[in-house]
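Colleague: I'm happier with gels than with coordinates, so could you walk me through how to read a model like this?

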Amino acid sequence: MEVLRALAATIGKMFATDLWLTATALAAVGLCAAGLRAHLIAPAALPFVLAGGVLAALTVGVIRGARR
Amino acid sequence: MLSLTQTAPVALAALIASSVEVVEAFTIVLAVSVVRGVRPAAFGTAAALVVLSAVVAAFGPLLASVPVHGLQLAVGVLLLVFGLGWLRKAVLRAAGVLALHDEDQAFAKQTRALRDQSDARETAADWLAGTVAFKAVLLEGTEVVFIVLAVGARPGLLVPAAVGAAAACVMVLGLGLAVRRPLAKIPENSLKFLVGGMLTAFGTFWCCEGLGTPWPGGDWAILGLVALYLAAGLALSAALRQAAAKAA
């Protein structure tokens, strides 16, 4: 039972150490997908917009981590 | 037929990422074998490897039945979140905000805990030690399995990813058997920095491919993304160190 609990904690830690980081990364992908579908983002621009969103998520995560 | 430019980055990413996890598992298995002998350490490790192999055997073929774009998007998002977590932690450690992971300290802590438990009956102590080894290999191995399945989530790439992870196990075990000490000299945070950048790059790449948008430059774009994220990570850690020095 304890092993299962530790396993669940490990899986949780893998994807949600910092909920803000997870949320901003998911938001970056979600907004890109929505923008593409609504023709607000050109397919050729999507890689660069997504990479920019990921960089923004990393920056927010690091700044929040440093403030704790 | 896949080219070397497609398989080599996947195998390399799996090798480097897995080696970080294998080093951490090895430290605990070594502590078990030093305190309670090789038998419980080997038994716990073997049992965990059987469970992990069963997981790969169950999920590997299942992944092949998922549509490629859907799989790439799902795996891309998971890799992105996982990789960003590693990169963020590595940046904070490099900037001195978080303490570095110390294998010597982890070994001493585990050895102390096992010695305390050794007051119990011999068989119970062996059982407990075996469980500790089992847990360490299972938990660290879960991350290795995820990395292998995730970076290998494109037709034909699972084998190079598995080969990379297996090479990491052989390398760490070989080094560990040679020195018979925790592998504390391995620059773990630098490796985590690199792996965080690589996993985030793979995640970004596959999210776009999953959304049906190819990258300019094809697979070579992964290298550009790795460089971009590592440069950003280094710049962020330098900025944090500078801010801390100014505040002091």
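Modeller: Sure, we'll go through helices, chain contacts and a few single residues.

Modeller: First, the ground rules. This is a predicted model, so local features need pLDDT of at least 70 and side-chain atom pairs count only at pLDDT 80 or more, while totals for chains, interfaces and linings use all residues. Residues are numbered from 1 along each chain as its sequence is written, and chains are lettered from A and ligands numbered from 1 in the order in which they are written.

Colleague: How do chain A and chain B touch: how many residues of each are in contact?

Modeller: Two residues are in contact if their C-beta atoms, placed from the backbone, lie within 7 Å. By that test, 31 residues of chain A are in contact with 31 residues of chain B. On the chain A side, helix 1 (2-16), helix 2 (19-37) and helix 3 (46-67) each supply at least two residues. Helices here are DSSP runs (H or I, at least four residues), numbered from the N terminus. Helix 3 of chain A brings the largest share, 13 residues.

Colleague: And what classes of residue make up that side of chain A?

Modeller: It has 24 nonpolar, six polar and one charged residues. Ala, Val, Leu, Ile, Met, Phe, Trp, Tyr, Cys and Pro count as nonpolar, Asp, Glu, Lys and Arg as charged, and the others, Gly among them, as polar.

Colleague: Let's stay with helix 3 of chain A. Which of its residues are buried?

Modeller: A residue is buried if 20 or more other C-beta atoms lie within 10 Å of its own, exposed if 12 or fewer, and partly exposed in between, with C-beta atoms placed from the backbone. In helix 3 of chain A the buried ones include L46(A), L50(A), V54(A), A57(A), L58(A) and G61(A). As a general idea, an α-helix has 3.6 residues a turn, so residues three or four places apart point the same way. The buried residues of helix 3 of chain A pack against helix 2 of chain A, and also against helix 3 (68-94), helix 7 and helix 8 of chain B.

Colleague: What span should that helix have?

Modeller: The expected span is 1.5 Å times one less than the number of residues. Helix 3 of chain A has 22 residues and should span 32 Å, and its end C-alpha atoms are 32 Å apart, which agrees. Helix 6 (residues 158-179) of chain B also has 22 residues and reaches 32 Å, close to the 32 Å expected.

Colleague: How do I read two helices crossing?

Modeller: Fit axes to the C-alpha atoms over the stretch in contact, then take the angle, from 0 to 180 degrees, between N-to-C directions. Angles under 35 degrees count as roughly parallel, over 145 as roughly antiparallel, 65 to 115 as roughly perpendicular and the rest as oblique. The axes of helix 1 (residues 4-36) and helix 7 (residues 188-210) of chain B come within 9 Å and cross at roughly 135°. That makes helix 1 of chain B oblique to helix 7 of chain B. Their contact residues divide into eleven nonpolar, one polar and two charged.

Colleague: And helix 1 with helix 2 of chain B: at what angle do they cross?

Modeller: Helix 1 and helix 2 (residues 38-64) of chain B cross at roughly 150°, with axes that come within 7 Å. So helix 1 of chain B is roughly antiparallel to helix 2 of chain B. At this contact, V29(B), V32(B), S33(B) and R36(B) of helix 1 meet V38(B), P40(B), A41(B), G44(B) and T45(B) of helix 2.

Colleague: Is E143(B) buried or exposed?

Modeller: E143(B), in helix 5 (residues 122-151) of chain B, is buried because 22 other C-beta atoms lie within 10 Å. Not counting residues up to four places away in sequence, E143(B) touches M14(A) and E21(B).

Colleague: What about V75(B): which residues does it contact?

Modeller: V75(B) lies in helix 3 of chain B and is buried, with 24 other C-beta atoms within 10 Å. Leaving aside neighbours within four places in sequence, V75(B) is in contact with A150(B), A153(B) and W206(B).

Colleague: Last one: what is the phi of H39(A)?

Modeller: Most residues other than glycine have a negative phi. The phi of H39(A) is near 60°, a positive value. H39(A) sits in the loop between helix 2 and helix 3 of chain A and counts as exposed, with 8 C-beta neighbours inside 10 Å.
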